[in-house]
Amino acid sequence: MRQKGKKGFWEFLVLAGICMFVAGLFIRDGKASGDTLAEGGRKERELPGSPGDNGDSRDLAEALAGTLEIAGSTSMEHVTWALAESFMEEYPQVTVTVECIGSSAGIEAVAAERVQIGNTSRALKQGEQELGLVEVPMARDGIAVCVDPANLVKGITREQLGDIYAGRITNWQQLGGRDIPIVVIGREAGSGTRSAFEAYLGLSGQCRYANELDSAGAVLARIASIPGAIGYLSMAEADHGVRTLCLDGVEPCAGHVAEGRYPLARPFVMVAGEEDWEQNVLVRTWFTYVLGTKGQEIIEEIGLAGP
């Protein structure tokens, strides 16, 4: 009787071990890995726990070292450098580099493992979502419609803006301004700002530009220096030598973007490779910092809305 009981006890332990192993497989492939299923079936990721979450942040700041390479959107240059400088103060043995090559090129650089993080001023397109990258919205930005400082027009409607970029309205006098030709300025193909702007107007690939420029800074300088110019910029960039127009009666500002009132808004997104997201301590710490209190304070100071 004693031997039979002992045998049953060991059989129970073996069976319990098998059940725990199978349960572990389900957990690993489900919520425990940080996966959530977004509307439409697209997989998004919850932020993995930072090594500093257990109270060892001081030790982490002293131990964390290496180079974090970021590339992508020129519209995100200002906010990314502000975050990078603050991050390097917090982690003095870390170097953060930022290369502004455009949203599409930044996504491609992460997919090719040339950099750890890509900046994109738009959501990932369907083909890009198939690259196995993790997409992390870190802020929301309004795209401001900008004109030269001497322009008398104060506001514009979506329909009027579409007519300008389609070439149907060609003189500011048609909108109550001075008799001066409209000079239509935009970003280069591959720009996340251009993609979001053209999609808003329903003119993807159909806008008629006088100038197509490869950075937000170049657009800013051109609008400021050419009478009759019109262009589009991130709200955070549109404050030096240009004037912004109200769009459908709403001023472009972070408050109106956060409230959902400003109609021409888009996400600022950072992407990472799946392996870096899961295993790279430096990448995980960066995302924890950006989405944490300090990071979001910097984002608000720049003039952006939270994600």
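**Strand 10**

I started at Val145, which stands opposite Tyr232 in strand 10. The model is a predicted one, and I read every entry here with that in mind. I then looked up the pairing behind this position: strand 6 and strand 10 run antiparallel and are joined by five bridges. Strand 6 covers residues 133-147.

I next looked for another partner of strand 10. I found strand 8 (residues 183-187), which is parallel to strand 10 and joined to it by two bridges. Here I noted Val183, whose bridge partner in strand 10 is Ala229.

Is strand 10 enclosed or open to the outside? I checked residues 229-234, and six of the six are buried, so the strand is largely enclosed by the rest of the structure.

**Salt bridges**

I turned to charged pairs and noted eight salt bridges in the structure. I looked at several of them one by one.

Strand 6 came up again with Asp141, which forms a salt bridge with Arg266. I put the closest N and O atoms of this pair at 2.9 Å. Arg266 sits in strand 13 (residues 265-273) and Asp141 in strand 6, so I logged the pair as a link between distant parts of the chain, 125 residues apart. I then asked how accessible Arg266 is. Arg266 has 2% relative accessibility and therefore counts as buried. Asp141 is buried too, with a relative accessible area of 0%. Both values fall under the 20% cut-off for buried.

I looked next at Glu90 and Lys294, which form a salt bridge with 2.8 Å between the closest N and O atoms. This pair also links distant parts of the chain: Glu90 belongs to helix 3 (residues 77-90) and Lys294 to helix 12 (residues 293-302), with the two positions 204 residues apart. For Glu90 I noted 31% relative accessibility, which means partly exposed. Lys294 has a relative accessible area of 43% and is also partly exposed.

The pair I noted after that was Asp163 and Arg168, whose side chains meet in a salt bridge at 2.7 Å, N to O. Asp163 lies in helix 6 (residues 158-165). Are the two partners buried or exposed? Asp163, at 18% relative accessibility, counts as buried, whereas Arg168, at 56%, counts as exposed. I also listed the contacts of Asp163, leaving aside neighbours within four places in sequence, and found Arg168 and Ile169.

I closed this part with a network: Arg194, Glu198 and Glu212 are linked by salt bridges.

**Cysteines**

How many disulfides does the whole structure hold? My search returned zero. I followed this up at Cys246, which is in no disulfide. The nearest cysteine sulfur to that of Cys246 belongs to Cys253 and is 9.4 Å away. A disulfide needs the two sulfur atoms within 2.5 Å, so the pair does not qualify.

I then looked up accessibility for two cysteines. Cys246 has a relative accessible area of 28% and is therefore partly exposed. Cys207, at 13% relative accessibility, counts as buried.

How values were computed:
Residues are numbered from 1 along each chain as its sequence is written. This is a predicted model: local features need pLDDT of at least 70, side-chain atom pairs count only at pLDDT 80 or more; totals for chains, interfaces and linings use all residues. Side-chain values use heavy atoms; hydrogens and water are left out. Buried means under 20% relative accessible area, exposed over 50%, partly exposed in between (1.4 Å probe, protein chains only). A salt bridge is a side-chain nitrogen of Lys or Arg within 4 Å of a carboxyl oxygen of Asp or Glu. Helices (H or I, at least four residues) and strands (E, at least two) are DSSP runs, numbered from the N terminus. Contact means heavy atoms within 4.5 Å. Two strands pair if DSSP finds at least two bridges between them.
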